[in-house]
Amino acid sequence: MGMLKTLTIVVPCYNEEEVLPETVKEIGSIVEDLISQAKISSSSKILFVNDGSRDRTWELISEYSEKYSYVTGIKFTRNYGHQNALLAGMTVAVKYSDMIITIDADLQDDVNAIYQMVDKYLEGIDVVYGVRNSRDTDSFFKRRTALAYYGLMKRLGVNLVPDSADYRLLSKRATEALLQYKERNLFLRGMVPLVGYPSAKVYYPRKERFAGKSKYPLGKMLHFAFDGISSFSIAPIQLILILGILTTSISIIMMVYVLIEKMIGHVLTGWSSLMISIWLLGGIQLISVSVIGEYVGKIFTEVKNRPRYNIEMENFTYKMGDVKKP
Ligand code: UDP
Ligand code: MG
């Protein structure tokens, strides 16, 4: 038998003192189980990322790391947000792990799916998405908005895996590829599908938060949602062009109307020129803004400096000096 693979489970935590004891218990027992089944190596870990909690989260993490050899943690200087916590966890873990699972601390995602994720990895899959097959515990509002959002993103050409969030497994090479995406505005669930590699889904029912309140109030959620759009699509900028063309067309119709009115003769002096210039200038301005916007959009996508492609395998060879220029 070959060497056992090392798993790290990355868990971002922001003021999670109420759930942490249960989280350690549940995820810990799965890690112990997997180690005893000889599915993963005994150096596998749970890596807690304390995202600037103001409660006893870090104290608890420290206590557990003394009690359990497989518990470890990193601590941010302040709150940097869920996505940055995930990224930091992966960046640290990738050096020591063959596979990384990310999961929320609040046990909304069924921890038993970890078994299937690891099995898929051992079958050679690089990316395993955790997909909710029921959202009964989410509010009607959250379900509707989530559905509308996936639809909108799809039309904008962004490939998301519906009903999957940040509960997933990534192999070492998939994580390394993901970490090449250098953008500051992180929207990991949009970035992971861009990495490619063989992927699979495992399904689980989404549960109620085990304890404590959501750390994603409506405002933060909306901000996150728009971040997703603006980091992945320049469609909003292109919308300005349509607006400009529309305004200009209306202004031409207005021009004809105003001139007719003038010829007929029942118009105040100055009204015609005022009307025409307001509409025409408005249209021209919007078009100009959209042209500038187009360039800003290009700079925006360039500046992110994303890798052009990821090579999964190389099965070609050529001799030096044998390369023909196209
Ligand atoms: N979280 C974090 N930093 C934040 C907000 C949230 O690390 O600024 C963590 C939080 O502790 C949890 C996960 O991100 O483990 C998801 O948050 P939450 O469960 O509150 O979001 P919801 O499930 O309500 O969308
Ligand atoms: Mg939650």
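Here are some exercises on this predicted model, each with a worked solution.

Before you start: residues count from 1 along each chain as its sequence is written, while chains are lettered from A and ligands numbered from 1 in the order in which they are written. Since this is a predicted model, local features need pLDDT of at least 70 and side-chain atom pairs count only at pLDDT 80 or more, whereas totals for chains, interfaces and linings use all residues.

**Exercise 1. Get the overall picture**

Work out how the protein is divided and how spread out it is.

- Step 1: Find the domains, whose bounds come from an automatic or database domain assignment. Domain 1 takes in 7–215 + 307–321, and domain 2 is 235–304.
- Step 2: Check the gap. The centres of the two domains, taken over C-alpha atoms, are 48 Å apart.
- Step 3: Count the elements. You should get 10 helices and seven strands. Helices (H or I, at least four residues) and strands (E, at least two) are DSSP runs, numbered from the N terminus.
- Step 4: Test the spread. The radius of gyration is 27 Å, well over the 20 Å that the globule rule gives for 326 residues, so the protein is more spread out than a compact globule. That radius is taken over C-alpha atoms, and the rule is 2.2 Å times the number of residues to the power 0.38.
- Step 5: Look along the principal axes, where the C-alpha trace spans about 95 × 65 × 35 Å.
- Step 6: Ask about burial. Of the 326 residues, 28% count as buried. Here buried means 20 or more other C-beta atoms within 10 Å of the residue's own, exposed means 12 or fewer, and partly exposed is in between, with C-beta atoms placed from the backbone.

**Exercise 2. Read the sheet**

Put the strands in order and see which helices pack on them.

- Step 1: Line the strands up. Seven strands make an open sheet, ordered E3-E2-E1-E4-E6-E5-E7, with mixed pairing. Two strands pair if DSSP finds at least two bridges between them.
- Step 2: Spot the edges. They are strand E3 (71–75) and strand E7 (199–205), each pairing on one side only.
- Step 3: Note the twist, which averages 25° from one strand to the next.
- Step 4: Compare two pairings. E1 and E2 run parallel over six bridges, and Cys13 sits opposite Asn50 in E2. Strands E5 (residues 127–134) and E6 (residues 164–171) are antiparallel, joined by four bridges, with Val128 opposite Leu169 in E6.
- Step 5: Add the helices. Helix H2 (residues 57–67) lies across E1, strand E2 (45–50) and E3, at about 145° to E3. Helix H4 (residues 113–122) touches E1, strand E4 (99–102), E5, E6 and E7, and makes about 170° with the direction of E7. Axes are lines fitted to C-alpha atoms, for helices over the stretch in contact, and angles run from 0 to 180 degrees between N-to-C directions.
- Step 6: Zoom in on E2, where six of its six residues are buried. Lys45, Leu47 and Val49 point one way, and Ile46, Phe48 and Asn50 the other.

**Exercise 3. Visit three loop residues**

Locate Glu17, Leu107 and Tyr197, and describe their surroundings.

- Step 1: Glu17 is in the loop between strand E1 (7–13) and helix H1 (20–36). With 18 other C-beta atoms within 10 Å, Glu17 is partly exposed.
- Step 2: Beyond its neighbours within four places in sequence, Glu17 contacts Asp55, Arg56, Thr57 and Leu60. A contact means C-beta atoms, placed from the backbone, within 7 Å.
- Step 3: Leu107 is in the loop between E4 and H4, and its phi is near 65°, a positive value in a residue other than glycine.
- Step 4: Tyr197 is in the loop between helix H7 (188–195) and E7; its phi, near 70°, is positive too. Most residues other than glycine have a negative phi.

**Exercise 4. Match the record to the model**

Compare the UniProt annotations with the structure.

- Step 1: The unreviewed UniProt entry lists residues 239–260 and 272–296 as "transmembrane region". UniProt positions use the numbering here, feature names are shortened, and annotations may be inferred rather than shown by experiment.
- Step 2: Residues 239–260 are 100% helix, with end C-alpha atoms 32 Å apart.
- Step 3: Residues 272–296 are also 100% helix, and their end C-alpha atoms lie 36 Å apart.
- Step 4: The same unreviewed record gives "domain: Glycosyltransferase 2-like" for residues 8–177. That stretch is 42% helix and 22% strand.

Notes:
Contact = placed C-beta atoms within 7 Å.
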